[in-house]
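Hi,

Here is the structure I said I would pass on to you. Have a look at it first, and then read my notes underneath.

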Amino acid sequence: MGKEIRKKISPEDFWNVKNGIKNFEFRKDEDNIQPGDTIILEEYIEGKYPPFSSKYTGMVVRRTVKYVLRNAKGYGLPEGFCVIGF
């Protein structure tokens, strides 16, 4: 059993993951995430407009990581980033 990793996610992406439309995340490779880990995506609203308050909505989706793509400059993946498939 792997580790659990919590990440913020925008409302649009949250609902696409929740509804099975999106099954990957493009992220900075900072958690050494591996297949078998659980990624916990917490819906987060950025305060871009008045009243400029950012907040978590309390909505969460959990996915088991199946694949992680790293070090793939040939595919245009920037160094220090990864694609997490679940």
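Below is what I found, starting with the sheet and moving on to the aromatic rings.

Before anything else, keep in mind that this is a predicted model.

**The sheet**

Start with the open sheet, which has three strands in the order β1-β3-β4 and mixed pairing. Both β1 (4–9) and β4 (55–64) stand at the edges with a single partner strand each, so one side of each has no neighbour in the sheet. From one strand to the next, the twist averages 25 degrees.

As a reminder, strands of a sheet pair through backbone hydrogen bonds, and they can do that in a parallel or an antiparallel way. You get both here. β1 pairs with β3 (residues 38–45) in the parallel sense, over six bridges. If you want to trace that pairing, Glu4 stands opposite Thr38, and Ile5 stands opposite Ile39. On the other side, β3 and β4 run antiparallel and are joined by seven bridges. Glu42 is a handy place to look there, as it stands opposite Val60 in β4.

How much of β3 is buried? Seven of its eight residues are, so the strand is largely enclosed by the rest of the structure. Helix α1 (residues 11–18) lies across β1, β3 and β4, and it runs at about 35 degrees to β4.

**The aromatic rings**

Now switch on the side chains. There are three aromatic pairs in the structure, and I'll walk you through two, including one that is stacked. That one is Phe26 with Phe81: the ring centres are 5.3 Å apart and the planes are at 5 degrees, so the pair counts as stacked. Phe26 lies in strand β2 (residues 24–28) and Phe81 in strand β6 (residues 81–85), so the pair ties together parts that are 55 residues apart in sequence. Phe26 is partly exposed at 43% relative accessible area, and Phe81 is partly exposed too, at 29%.

The other pair is Tyr44 with Tyr56. Their centres are 4.7 Å apart and their planes are at 65 degrees, so this pair is edge-to-face. It links Tyr44 in β3 to Tyr56 in β4, twelve residues apart. Are these two buried or exposed? Tyr44 is buried, at 15% relative accessibility, whereas Tyr56 is partly exposed, at 45%.

Tyr44 has a charged visitor as well: the charged end of Lys8 sits over its ring, 4.2 Å from the centre. Lys22 does likewise with Phe24, its charged end sitting over the ring at 5.4 Å from the centre.

Cheers

Terms used:
Residues are numbered from 1 along each chain as its sequence is written. This is a predicted model: local features need pLDDT of at least 70, side-chain atom pairs count only at pLDDT 80 or more; totals for chains, interfaces and linings use all residues. Side-chain values use heavy atoms; hydrogens and water are left out. Two strands pair if DSSP finds at least two bridges between them. Helices (H or I, at least four residues) and strands (E, at least two) are DSSP runs, numbered from the N terminus. Axes are lines fitted to C-alpha atoms, for helices over the stretch in contact, and angles run from 0 to 180 degrees between N-to-C directions. Contact means heavy atoms within 4.5 Å. Buried means under 20% relative accessible area, exposed over 50%, partly exposed in between (1.4 Å probe, protein chains only). Rings of Phe, Tyr and Trp (its six-membered ring) pair if their centres lie within 6.5 Å; planes under 30 degrees apart count as stacked, over 60 as edge-to-face and the rest as tilted. A charge sits over a ring if NZ of Lys or CZ of Arg is within 6 Å of the ring centre and within 35 degrees of the ring normal.
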